[in-house]
Amino acid sequence: MTASYAIDYETIFRHAPVGMCISVDRVIQSSNDALTSMFGYVHGELDGQSFRVLYPTMDEFLRTGDRIIPVMNARGVYSDERIMRRAAGELFWCHVSGRALDAREPLGAGVWTFEDVSEKRPVTAELTPREREIAALLVEGKTSKVIARETDLSPRTVEMHRAKLMRKFSASTSSELVHKLVGVSR
């Protein structure tokens, strides 16, 4: 005989094994225990906070928001891997996925999940905010031309940042750089 339980969505949300939050206009309305723990906060401390507190810099917060809008408008969902910042300042790679509750407002009310992927992909070099952005887009398999279009940079500027990343990670090819960024040794 199996026990019967009433479905309590609030309890399920709070104790889900993946970091989750509900947001409106990039402000966290409610976060679960996995999310607050992942980012080094206590239960409820992120509620009412802008997503800005989870980013290394204000510029990265703004640029990511600009990148999300066209993708959400086209697909209704967004997903990427990016470097985020814990409460104590530690940077780490995080897989982020989200869905707008109203497709006409991509950054309005939404549901977001966060997964710490730092064990697979440690942050091993000091990177500038722009290098972190370029690294995240390279990991997604995007070419310099596509990255240039998405970031409003020239392809030459993207190539310059990629060359700096290759030096910092001691990579001799772009393929080797991506492998090092994702934490796969060759």
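Here are two short exercises on the empty spaces inside this predicted model.

Residues are numbered from 1 along each chain as its sequence is written. Because the model is predicted, local features need pLDDT of at least 70 and side-chain atom pairs count only at pLDDT 80 or more, while totals for chains, interfaces and linings use all residues; side-chain values use heavy atoms, leaving out hydrogens and water.

**Exercise 1.** Work out which element gives the most to the lining of the largest cavity.

*Solution.*
Step 1: Get the term straight. A cavity is a set of points, on a 1 Å grid over the protein atoms alone, where a 1.4 Å probe fits but cannot get out, and lining residues have an atom within 4 Å of a point.
Step 2: Look at the size. The largest cavity has a volume of about 100 Å³, where volume is the space filled by probe spheres set on the points.
Step 3: Check the elements, which are DSSP runs (helices: H or I, at least four residues; strands: E, at least two) numbered from the N terminus. Helix 3 (58–75), strand 3 (77–85) and helix 4 (129–139) each supply at least two lining residues.
Step 4: Pick the winner. Helix 3 gives the most, with four residues.

**Exercise 2.** Find how the lining residues of the second largest cavity divide into nonpolar, polar and charged.

*Solution.*
Step 1: Find the spot. This cavity holds about 80 Å³ of space, and its lining includes Phe51, Leu54, Trp112 and Phe114.
Step 2: Sort the residues. Ala, Val, Leu, Ile, Met, Phe, Trp, Tyr, Cys and Pro count as nonpolar, Asp, Glu, Lys and Arg as charged, and the others, Gly among them, as polar.
Step 3: Read off the result: eight nonpolar, no polar and two charged.

Technical notes
1 Å grid on protein atoms, 1.4 Å probe; cavity = no way out; pocket = protein on both sides within 12 Å on 5 of 7 lines; lining within 4 Å.
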